[in-house]
Structures are given as C-alpha cells and as structure tokens.
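Let's take a friendly walk through a protein model together. Have the structure open beside you, and turn it as you read.

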Amino acid sequence: MKQGNWLTSNLKTLTLLTLCFLFIEGTCSLGFGADSYDNVTQDQSLYQRVKKLGGYGLLDDQDKAVLDEGRVVTRLELAFYLEKAKAKIDAPRPLPTAVPQIKVPGAESPSLPPPVEAA
C-alpha cells in the first residue's frame with residue numbers, strides 16, 4: 001500500500017470515529033441518555049411502577065418504606081430496588097421434601113459387640 005493511500009484511509013477512519021463520538025456525546029447531552037443520578041419524584045410514572053412492586057411483596061421493607069414516604073430517590077436507587085426485587089423472583093426456593101424411611105422386614109440393625117476390657 002502506498003503512503004498516500006494509507007494516510008487517506010486512516011484519516012477517513014479517524015474522521016468517522018470522531019463524528020460517531022460527537023453524535024453520541026450530543027445525544028446524551030440533549031437528554032436522550034438518562035443520567036443514573038437524576039432525581040425521581042413520587043409523581044413520576046417510574047416511581048409509581050417501582051412502588052407498585054411493594055404491593056406484591058417484592059420490595060425490601062426498608063425500600064418500600066422509602067417509597068411509601070414519598071422521598072425523592074435517584075434512578076440508580078430505583079435500579080437497585082428493581083434488582084433486589086428481581087432476585088426474589090429469580091431465586092429458586094427449595095421445596096420441602098420428606099425423607100422416606102425404608103424399613104426392611106426382618107432385618108434388624110446389627111448391634112455392636114461388647115467393649116473389650118483392657119488387661
């Protein structure tokens with residue numbers, strides 16, 4: 001590959017990467033990307049949807065109390081509440097099982113021989 005072609009190719013790549021970066025940065029600053037530290041108040045639908053999980057018993061008592069009080073939380077806190085609720089749903093619960101007692105008729109458990117006394 002000639003020096004001029006290599007330079008032109010790398011310049012095109014660099015220009016394309018720069019434009020992609022600027023586009024992504026621009027959309028995030030316009031509000032298309034949600035900031036995890038944004039406050040969420042009790043009148044917003046996201047807050048209400050997470051709060052509704054408490055009615056199903058999926059929220060921890062402490063988390064449910066925070067939402068019932070109407071305190072302002074961040075999106076990140078709501079994400080933690082959701083992850084904990086999801087863990088309650090996904091966690092397998094062991095089923096109680098009875099251990100079967102098998103008795104064989106006529107087979108007694110062997111008894112131990114008497115202890116040997118030391119002489």
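The report below moves from the whole chain to one helix, then to the core, and ends with charged side chains.

## The chain as a whole

A first thing to know is that this is a predicted model. The protein chain has 119 residues, and 14% of them count as buried. Its secondary structure consists of four helices and two strands. If you start at the N terminus and follow the chain, you meet these elements in the order α-β-α-α-β-α.

Two more values describe the chain as a whole. Its accessible surface is about 10500 Å², and carbon and sulfur atoms make up 61% of that area. Now take the contacts between residues with a separation of 6 or more: 61% of these join residues that are 24 or more positions apart.

## Helix α2 and its two faces

Helix α2 covers residues 45-55, so where are its buried residues when you look down the helix axis? The buried ones are Tyr-47, Val-50, Leu-53 and Gly-54. Viewed along the axis, they fall within an arc of 115°, so they line one face of α2. The face turned away from this buried side carries the exposed residues Arg-49, Lys-52 and Gly-55.

What do the buried residues of α2 pack against? Their partners are strand β1 (39-40), helix α3 (61-69), strand β2 (73-74) and helix α4 (75-90). Just after α2 comes Gly-57, which takes a positive phi of about 80°.

## The nonpolar core

The largest nonpolar core of the model is built from 12 residues. Several of them belong to the buried face you have just seen, including Tyr-47, Val-50 and Leu-53. The other members are Val-40, Leu-58, Leu-59, Val-66, Leu-67, Val-73, Leu-78, Tyr-81 and Ala-85. Helices α2, α3 and α4 each supply at least two residues of this core.

Tyr-47 is a good residue to click on here. Setting aside its neighbours within four places in sequence, Tyr-47 is in contact with the core residues Val-40, Val-66, Leu-67, Val-73 and Leu-78. Its list of contacts also includes Thr-41, Gln-42, Gly-70 and Arg-71.

## Asp-63, an acidic residue in α3

Asp-63 is found in helix α3. Is this residue buried or exposed? Asp-63 has a relative accessibility of 5%, and residues under 20% count as buried, so Asp-63 is buried. Its side chain makes a polar contact of 2.9 Å with the side chain of Lys-84. Apart from neighbours within four places in sequence, Asp-63 is in contact with Tyr-81 and Lys-84. Of these two, Tyr-81 is a member of the nonpolar core.

## Salt bridges between loop and helix

How many salt bridges does the model have? The count comes to five. One of them joins Asp-60 and Lys-84, whose closest N and O atoms are 3.5 Å apart. Asp-60 lies in the loop between α2 and α3, while Lys-84 is in helix α4, so this pair ties together parts that are 24 residues apart in sequence.

Asp-60 also meets Lys-88 in a salt bridge, at 3.3 Å from N to O. Lys-88 is in helix α4 as well, so here the parts tied together are 28 residues apart in sequence. Asp-60 counts as partly exposed, with 27% relative accessibility. Lys-84 is partly exposed at 36%, and so is Lys-88 at 29%. Together, Asp-60, Asp-63, Lys-84 and Lys-88 are linked in a network of salt bridges.

## Lys-64 and a bridge within α3

Lys-64 is another residue of helix α3, and it forms a salt bridge with Asp-68, with the closest N and O atoms 3.0 Å apart. These two residues are four places apart in α3, so about one helical turn separates them. Both are partly exposed: Lys-64 has a relative accessible area of 29%, and Asp-68 has 41% relative accessibility.

Lys-64 has neighbours from elsewhere in the chain too. Not counting residues up to four places away in sequence, Lys-64 touches Gly-54 and Leu-59. Gly-54 is one of the buried residues of α2, and Leu-59 is part of the nonpolar core. The C-alpha atoms of Lys-64 and Lys-51 are separated by 6.9 Å, although the two residues are 13 apart along the chain.

Definitions and conventions. Residues numbered from 1 in each chain as written. Predicted model: local features only at pLDDT ≥ 70, side-chain atom pairs only at ≥ 80, totals over all residues. Heavy atoms only, no water. Buried < 20%, exposed > 50% of the residue type's maximum accessible area, 1.4 Å probe, protein only. Contact = heavy atoms within 4.5 Å. Areas by Shrake-Rupley, 256 points an atom, 1.4 Å probe, with all protein chains shown as cover. Arc of directions from axis to C-beta. Core = buried A, V, L, I, M, F, W, Y, C linked by side-chain atoms within 4.5 Å. Polar contact = N/O pair within 3.5 Å; in protein donor to acceptor, adjacent residues only side chain to side chain. Salt bridge = Lys/Arg side-chain N within 4 Å of Asp/Glu carboxyl O.
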